[in-house]
Amino acid sequence: MYKISKFNHIKPWGDKHYIAYNARSGALGLMDEQNYQTCRSVFDKIQNGNKAEFNPEEAHLVKQLEYGRFIHYDYYDEVEELKFQHHLARFDQTSLGLSIAPTLACNMDCGYCYEGNKKGRMQPEIVEAVLDYIETRAPALRSLDINWYGGEPLLAIDIIEDLTESMLDLAQEFNFNFNATMITNGYLLTEENCDRLAEDFKIGNVQITLDGPSEIHNRKRPLKNGRESFDTILKNALYASEKMQVNIRVNIDKSFTVETIQKLLDELSEAGLKNRAGLYFGRIEAATSACSNISESCYGAEDFSTVETDFYRLLLDNDFSITHLPQPMATVCFSQIISSHLLDPEGFIYKCYNYVGDIPKAMGNIKEDINYSHPNFTRLFKFDAFDDEKCRDCSVLPICMGGCPARRADFDLKSGEACETWKHNLGPMLDIIARSRQSQAQKAAKETT
Ligand code: SF4
Ligand code: SF4
């Protein structure tokens, strides 16, 4: 006996096809008219109480629908299963995630930066405390996942080196996996640094931020010494893309138009970066008092979802592959995970990037025992999408998980007010993703003939 998944999104695609997507499994497929009619007939039989037998064609499709979780056995509760996975991830102690800022100093001077104008480097006693903490956890670990961020982490590459060496020793001694990523503005990602990152620091993925095409980026993200950074960043990103996965985040505010993005795509193509790096659009938000001066120019989630769709359509029209996909996740972010922390250079522990450096919002210090009763921990951790009736019933719950807990808490958002962009633009984005995949498949087929 089967049930139809509540996470299905099936819609017409062009004249003759249909897109079928399931938000729980992430499965995405295209159906022709005949397949679609068979699918409809399977769904009708299920909805009519599973009384009628499936014919051979339907029985064949049932296997595929089951595999993609578009249908499931009726004794299985997919929301309860999702909730179970969510809570497993929340309380998992076998992996440790640390986002570490070895410095909050930066070589750039961006007006909207949530870290304000901070300085300071991680001192040896904090480096020791971080390693002591990892060592106490090491016997039970299967993986250690490090994300270097800042400020600009490459300004403290010596500290990253020290920490990484010791972490790799621990990984070997206690036999756990070590994974590392970095968020950088890309200016100091020189060939030499890049080689060290890839080979010595085992960094497999970097995120580089751009504020638009050269003219806008250089204006909004000047170096502290007033010089321009755009060309150097692109040159560095190109070299880095030979060594590791590079994702470029483009910060978007209300000043961006389709023409602005077109200019950026032209410049990325000219620099040889087309399809060498993932490209996605990030919404600038006035998240803290340090950047409240820019709130007027920031998009809300719903408005942003419209321009985001337009920009991804432009990527597609320019033959850029689309790497921004609606992927199921166990939790929205590490604020919901007890074994994942954000550390500033002084060792203070935070549960959200928005709070870094704002010590009253820390939940303790890595030099002390972690206090899971601290109000700055429970404030975000207590949010549970499964307690929100709208989220429990929502067809995009697995790819949203209730939205950002800090936004909910800081702005006292009610049920239905924290929806992420997928809630608003999943349909058109599926259309764009399917067209991108089709074009890549056609290109691959051409290359093999
Ligand atoms: S609470 Fe929100 S802003 Fe903070 S890390 Fe999580 S998703 Fe990001
Ligand atoms: S926040 Fe909105 S989009 Fe996200 S799961 Fe809840 S109801 Fe759905």
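How many residues of domain 1 are in contact with domain 2, and how many of domain 2 with domain 1? To answer that, let us walk through the structure, which is a predicted model.

Start with the chain as a whole. It has 449 residues, and buried residues make up 36% of them. Along the chain you will find 15 helices and 13 strands. If you draw a box along the principal axes, the C-alpha atoms fill roughly 70 × 50 × 45 Å. The radius of gyration is 23 Å, and because a compact globule with this number of residues would have one near 22 Å, the chain agrees with that expectation. Now look at the contacts between residues with a separation of 6 or more: 71% of these join residues 24 or more positions apart in the chain.

Next, the domains. The domain assignment gives domain 1 as residues 2-76 and domain 2 as residues 90-449. Taken over C-alpha atoms, the centres of domain 1 and domain 2 are 35 Å apart. Here we can return to the opening question: 13 residues of domain 1 are in contact with 13 residues of domain 2. On the domain 1 side, strand 2 (8-13), strand 3 (17-22) and strand 4 (28-32) each supply at least two of the touching residues. Strand 2 gives the most to this side, with 3 residues. Sorted by class, the side of domain 1 that touches domain 2 has 7 nonpolar, 3 polar and 3 charged residues.

Two ligands are worth a visit as well. Ligand 1 is surrounded by Val332, Cys333, Ser335, Cys352, Tyr353, Asn354, Leu380, Cys404, Pro405, Ala406 and Arg407. To find your way there, follow helix 14 (residues 405-410), which provides the largest share of this shell, 3 residues. By class, the surroundings of ligand 1 comprise 8 nonpolar, 2 polar and 1 charged residues.

Move on to ligand 2, which has 14 residues around it. The closest of them are Cys391, Cys394, Cys400, Cys419 and Lys423. Helix 12 (389-392) and helix 13 (397-400) are the elements that give two or more residues to this shell. The classes around ligand 2 are 8 nonpolar, 3 polar and 3 charged residues.

With these stops in mind, you can trace the route again in the structure above: from the 15 helices and 13 strands of the chain, through the side of domain 1 to which strand 2 gives the most, to the shells around ligand 1 and ligand 2.

Notes: Residues numbered from 1 in each chain as written. Chains lettered and ligands numbered in written order. Predicted model: local features only at pLDDT ≥ 70, side-chain atom pairs only at ≥ 80, totals over all residues. Near = placed C-beta within 6 Å. Helix = DSSP H or I, 4+ residues; strand = E, 2+ residues; numbered from the N terminus. Nonpolar A, V, L, I, M, F, W, Y, C, P; charged D, E, K, R; others polar. Domains from an automatic or database assignment. Contact = placed C-beta atoms within 7 Å. Rg over C-alpha atoms; globule rule 2.2 N^0.38 Å. Buried ≥ 20, exposed ≤ 12 C-beta atoms within 10 Å, placed from the backbone.
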